[in-house]
Structures are given as structure tokens and as C-alpha cells.
Amino acid sequence: MANEEDDPIIQEIDVFLARSLLEKLYLFQYPIRPASMTYDDVTHLSAKIKPKQQKVELEMAIDTLNPNYCRSKGEQIALNVDGTCTDETSTYSSKLMDKQTFCSTQAASNVSRYAAAVYKKGELHLTPLHGILQLRPSFTYLDKADAKHREREAANEGGDSSQDEAEDDVKQITVRFSRPETEQARQRRVQSYEFLQKRQAEEHWVHLHYYGLKDSRSEHERQYLFSQGHGLAENTELIKSPSEYLMMLMPPSIEEENDKPVAPSNVLSMAQLRTLPLADQIKILMKNVKVMPFANLMSLLGSGTDSTAVLRCIQQVAMLVQGNWVVKSDVLYPKDTSSPHSGVPAEVLCRGRDFVMWKFTQDRWVVRKEVAAVTKLCPEDVKDFLEHMSVARINKGWEFMLPYDEDFVKKHPDIVQRQHMLWMGIQAKLEKVYNLLKEHLTPKKQEAQSAHPLLVSGEQRVNMAKAKVKQNYGQLEKEFQKQKAEMKSNDTSAKMDVSNIRIKEEPVSDEEPMDTSAYKGMNNGIVNGLHAEEDSTDSLNGHLPGGCIDRVAQELKAFVSSTFKKQFVLTLSELKRLFNLHLASLPPGHTLFSGISDKMLQDMVLDTGCKQILVPFPPQTAASPDELKVYALWEAGDTYDQHRQVLLEIFSKNYRVRRNVIQNQLSQECGEDLNKQEVDRVLKDCCVSYGGMWYLKGTVQS
């Protein structure tokens, strides 16, 4: 009451709604002009509009007599646009830029809240606006000037080619037949920016007549801004209750209502999601996430949600795979839909995706080629299936993206058993459809029976290797005694007291043997230099009988020496690869099968006269530690030793070098001008070229 007394009503104004210009009244917002010039003084030459797009173009005359107008600039612009000739198509017929074009853009997409008001004799008359357009200068005349310039250049270049016109008229035409357009392709084309631009360009301009502010026609049209009848019977919109009148003043935004999704799709609003029934919430979440542990699902549904009800609903839209829930195929591919890649119907897609899900119930790894071979689907569809529930691993295949959920399996054995029975039924259907072989039905490894991988740390691997070394130690000693006995019987002149023979005992090394796992399929069962059938696959360097060590060292030295005389520069990774190839070519029982460690191999490289080159690799290199170790033969005993040493010194300071830098450095250090053949010989021995730069062998990071 006190506030009302302090703010009394001074005057009451009657408000009227004018309808005469409904859906015809536009508000034009012009650019800022000098205060001395009003739009009453502006001469409008022409105007045109595209009603559907609410797009307007106005041409306004420029006052060329104004002292602020630069006449020379106006003449230059007219000359650039129209050239020296003037005709009906000329933009500036007076050879002077004497007009300017303004093009409109929509200032607001929703103008239902805006109106034009006229106050007269204590009455306020409102007319709703149909559009608000901002007019901005258009510079299309510059494009026309550029086109004229290109035409003149083309005419000058083609002036001397009149004799070839006959030949130019004959051109080869390639005829292509387009495939029938699918419904999805048509929808994408209709929604494309190019199609919308084409549709807008097809609408014809409607030319308008401009009437000035003081024109009699303008005076007549302005009368339509006033309501034609003041009776209450003609203004029924204002006979409303206070709440209805407030709703008319502030209506809800139509855009917001249209933009509000019926249900979350790509981006989920948790507030909107929780207003839906529980079954719909779970279906929407699983359709978007595709793979989810049960604990994560409960956290998304909010506190207070009954887990029993969730379990009942989740089984309708998802299947249990390795303790995690994976959305069913028919949820992602509803009936009467097809593949966006190949056009295959949804039924075939569901069957192929079920096969992938079933494979993950048998093993953590799935091979993409195997899936494609069984399902006979295109690679894009198979990739989509795998990306839904797995992650690609290089040289291994596709691994299920979530770890095995033991907690859920232990807490809900009844659900697990029910899902197992469902998978048995799906397996039976897949066997009939795909004619699955026995190799497809049985897991590749026994680890798959537990449905989760066995993780072994590096320390555990070292301890396992130590245990195997101790286990094989006695067998190695017996074999050595047997070999010595055979040698004694063959050579009677050499009397050897077997009791004086002792095995060199050294503490078990913590050093891991050289990794040769990448070459298991190539060396016929050889693992780290030993044959698998001899049951000694993990012996380490330093645990050999004394007589064998010398023979192993001699054989290893011969291999390293011959290899570097051929290659000159090798990384440790490449050397190990060549060594495994060498082992694969040796007969069973060779001395090198006794086990060679990385350290022993590197020590032998240095003993044969090679040096390690500390190449300054870039900081962001993705090379492995073995690829970062570069060794080079320092002295080969030929005439190019000095040249190679200079070259290696260059690469000890630079990761990559240009050829001219190498050639200049060789000429300075060697004191002679080398010809191209000699430089090529040195570069061929030690380097490779990539992208115009030279690198040491094995150091290129593509």
C-alpha cells in the first residue's frame, strides 16, 4: 500500500491494435549516416524484395556535389566496373559512382514480440511487425570489376590463337550415368548449403516503388497505422483476464518450444531424461552409450532408483557381455531401416552385430577379417559393429572396451545364468545361418573361459624367467657332460680329467633376455635363440658352461662383423631383427641357440670396432628405445673410412642434413673435391633420403 501511494497513476492511455498492415509492415534499420544528412534527403532510385526470404535490396543516390565526395575515386571505381564503354548494362551510366546498393539481413528470426506504435490524442495504436531487416552496403560491383579484368586478360592472351579456333571447337565429352538416388541421399542433398542457396536464388525479385516521407501516398498509407474502429466489439483481444492479457504481452518463445527435443538424442539433458519412464530412460542411455557397466547405469539414473526394476528393464534393451551390458542390435537397427553404407536391411545387420557380440562372450579379442568373412558384410558395417563395443589394437585385433565386471557376476548369478541361456539360443541361430565351423565356436585360448585377461607385471615375468633358468640348469650340465664324454672317446690322445671340469656359476642376472616375440612365427619355434621342443625357451646370458661361452662369442662376433661390413649403420632394433633371421637359418643345436641378451649383443658390437652414434632425435619422436640406439662401423679398412667418419660426425650433431651441406663438409675435412659418384657411395653406405633430406639408416620417423 505504501509503494502504491508513493507511485500514483498520473494518466491512463487507451491501447488499440491496428490490423490493416498486419503481415505487411517491415522495420528497416539503415547504416549510421552523418548527422547533417537525414533520410528525408536521400533519393531512392529503386527497391526490390523477395517476400519468402524477406530479403530487400535498395539503391540510393550518392550526393556527388557534396564537398566530402572524392570525384577522382568515384570515376576510377566506375571505370573499373564498366570499362570505357557505356551501354544499358553499365552499372554507372554517368561514368561516376553516383549510387550505392544496400542489401538486407534479418535482425531477428522471431519478431512476434515487436510492434510499431503511434501515439495520437491520448491513444496508443500498435501494429505487429512482420520483419526487422538490417540494410548494409553491398559490394557486388567489386566482383563485377574483377570479372571485367579477367575477361580483358583472357582476351589479350587469346588474341593470337584464332587459327586454333577450329581445333578448340572439337572437345571430348564424357558421358556419365548417375545411380538412382536413395531417400537418405535425397534428404542430405535437400539439407545441404548448396541446395538452399540454389533455392534462394530461384525466387524472383518483386520490384517496389519508393514514396518519400511527404508524398501523398505515404500520408495515405500512414493512416493504416491507426486502428480503424475504436469500439470494444472490434478489439476483442483486449477483453481478456489479467493472466491472459499478460500471456499476450509476453508469449512463450516459439523457437524454444520447437527446439526442445521430445526425447534426448545425441546430447542428453539429465533433467529432461528423468521426467521419462524408467524403461525409456534406460533405452535412451543404452542407445547412446551402447556399452555400460551396471554400476554406471545406476549412477546415471539417480539415487533412489530400484535396482530390481532397473535389472528388469535393462534385459529388454541390452545383453550381458563379459559382465557389462551391451545394447541389443534391434534397438540400434529398428525394423524397416537399412545400412547407411551398403543399404543392407536391418535384419541382416542385426544378425551380423549379434555375431560380433557373441564372439566377445567367448574371447576378449575379435579379428575384423574373421567377422567380415563369416557375415559377408561390407567393411564399413563391420567396423561400425566393432566400434560400438571394442577398441582397435595394432597388430592384435579388436579388444572389448570394458574390463570384465566380476562384481556384477558375483552379485547376480541368476541374471548371468539367464543371459547365458539366451546366448546359447543366439549361438544356435548363428550356427544355422552362417554354417559356423568348430574353429569359430571354440575360444582360441583357455584364458577366454574366464572372460577376462590375465595381467602379468614385468617383475613377475623376470621371476618366472629366473625359475625356468634354475630348472633348466641341471639339464644343461648333463648335456655338457655328455658332449665332453663323446669328445673324449673320439680323441684318445687328449686325456681330460672329467672330475676337474666345473661349470662356471654366476648369479642369476636380472637382465631380461632379448625380446624376439615379434619373430616367433618366422623362426620355426625358436624363442630367444632356443628351440621350443627342447623345453628351454627362456635361458639367459651368462648361464652357460665355460667351454660353450667362447664358441658362442666367436659365432656372435662373426655374425656382427659380417653384418656391419654389409650395412655399415644399424639401429639396435634392426640388428636384433637380422640376428633372429640368422638364427632361423641355423640348424638345430647350434651354439647360438644358448641365449643371447641385449647387453651381450651390444658389447659384441662395440668389441668389433663399431661405435655408438648419439643422433639428436627430435623431442617428440615416437621411436622405441632400441630404435634410438644407432651403431656404425668406424673402420672398414677401405679408402672411404675417413669419408664415413666425417659423415657420422655430422649426424652426431644433426638429426637430418641436406646433401649440399654433407658435400661441403666432406670437401673441407678430406681436403679434396669429391665427385658425385664418391659422395653417392658414402651416402649409400650410411644414409637414406626422405623428403629431400638425408638421415642415418633406421632413424627416419615418418
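Me: What covers the buried residues of H11?
Reply: Keep in mind that this is a predicted model. Helix H11 takes in residues 278-289, and its buried residues are Gln281, Ile282, Ile284, Leu285 and Met286. The cover over them includes helix H10 (270-273), helix H12 (294-301), helix H13 (307-317), strand S10 (291-292), strand S11 (318-321) and strand S12 (324-327).

Me: How far does H11 reach from its first C-alpha to its last?
Reply: H11 has 12 residues. At 1.5 Å a residue, the expected reach is 16 Å, and the helix comes close to that. From first C-alpha to last, H11 reaches 16 Å.

Me: Which residue follows H11, and what is its phi near?
Reply: H11 runs over residues 278-289. Next up is lysine 290, with a positive phi, near 75 degrees.

Me: Is threonine 375 buried or exposed?
Reply: Threonine 375 sits in helix H16, residues 368-375. Buried means under 20% relative accessible area. Threonine 375 has a relative accessible area of 7%, so this residue is buried.

Me: Which residue's backbone oxygen lies 2.7 Å from a polar atom of the side chain of threonine 375?
Reply: Leaving out residues up to four places away in sequence, threonine 375 touches Gly352, Phe355, Val382 and Tyr434. The partner asked about isn't in that list: the backbone oxygen 2.7 Å from a polar side-chain atom of threonine 375 belongs to valine 371.

Me: How many residues of helix H26 are buried?
Reply: Helix H26 covers residues 641-651 and is mostly covered. Among its buried residues are Asp641, His643, Val646 and Ile650. The count of buried residues is 8 of 11.

Me: Which residues is glutamine 665 in contact with, leaving aside neighbours within four places in sequence?
Reply: Glutamine 665 has its place in helix H27, residues 659-670. Its C-alpha is 8.3 Å from that of isoleucine 650, though the two are 15 residues apart in sequence. Both of its contacts are among the buried residues of H26. They are Val646 and Ile650.

Me: What does glutamine 665 count as: buried, exposed or partly exposed?
Reply: Buried would need under 20% relative accessible area, and exposed would need over 50%. Glutamine 665 comes in at 27% relative accessibility, so it counts as partly exposed.

Me: What is the accessible area of the nonpolar surface patch that Leu249 helps form?
Reply: Leucine 249 is in helix H8, residues 242-249. Its relative accessibility is 48%, so it counts as partly exposed. Leu249 forms the patch with Tyr245, Leu246, Met248 and Met250, and their accessible area together is about 510 Å².

Notes:
Residues are numbered from 1 along each chain as its sequence is written. This is a predicted model: local features need pLDDT of at least 70, side-chain atom pairs count only at pLDDT 80 or more; totals for chains, interfaces and linings use all residues. Side-chain values use heavy atoms; hydrogens and water are left out. Helices (H or I, at least four residues) and strands (E, at least two) are DSSP runs, numbered from the N terminus. Buried means under 20% relative accessible area, exposed over 50%, partly exposed in between (1.4 Å probe, protein chains only). Contact means heavy atoms within 4.5 Å. Patches are made of residues with over 30% relative accessible area and no salt bridge: like charges are joined within 9 Å, nonpolar side chains (Val, Leu, Ile, Met, Phe, Trp, Tyr) within 5 Å. Accessible areas come from the Shrake-Rupley method with a 1.4 Å probe; for residues, only the protein chains shown count as cover. A salt bridge is a side-chain nitrogen of Lys or Arg within 4 Å of a carboxyl oxygen of Asp or Glu. The expected span of a helix is 1.5 Å times one less than its number of residues. A polar contact is a pair of N or O atoms within 3.5 Å; within protein, one must be able to donate a hydrogen and the other to accept it, and residues adjacent in sequence count only if both atoms are side-chain atoms.
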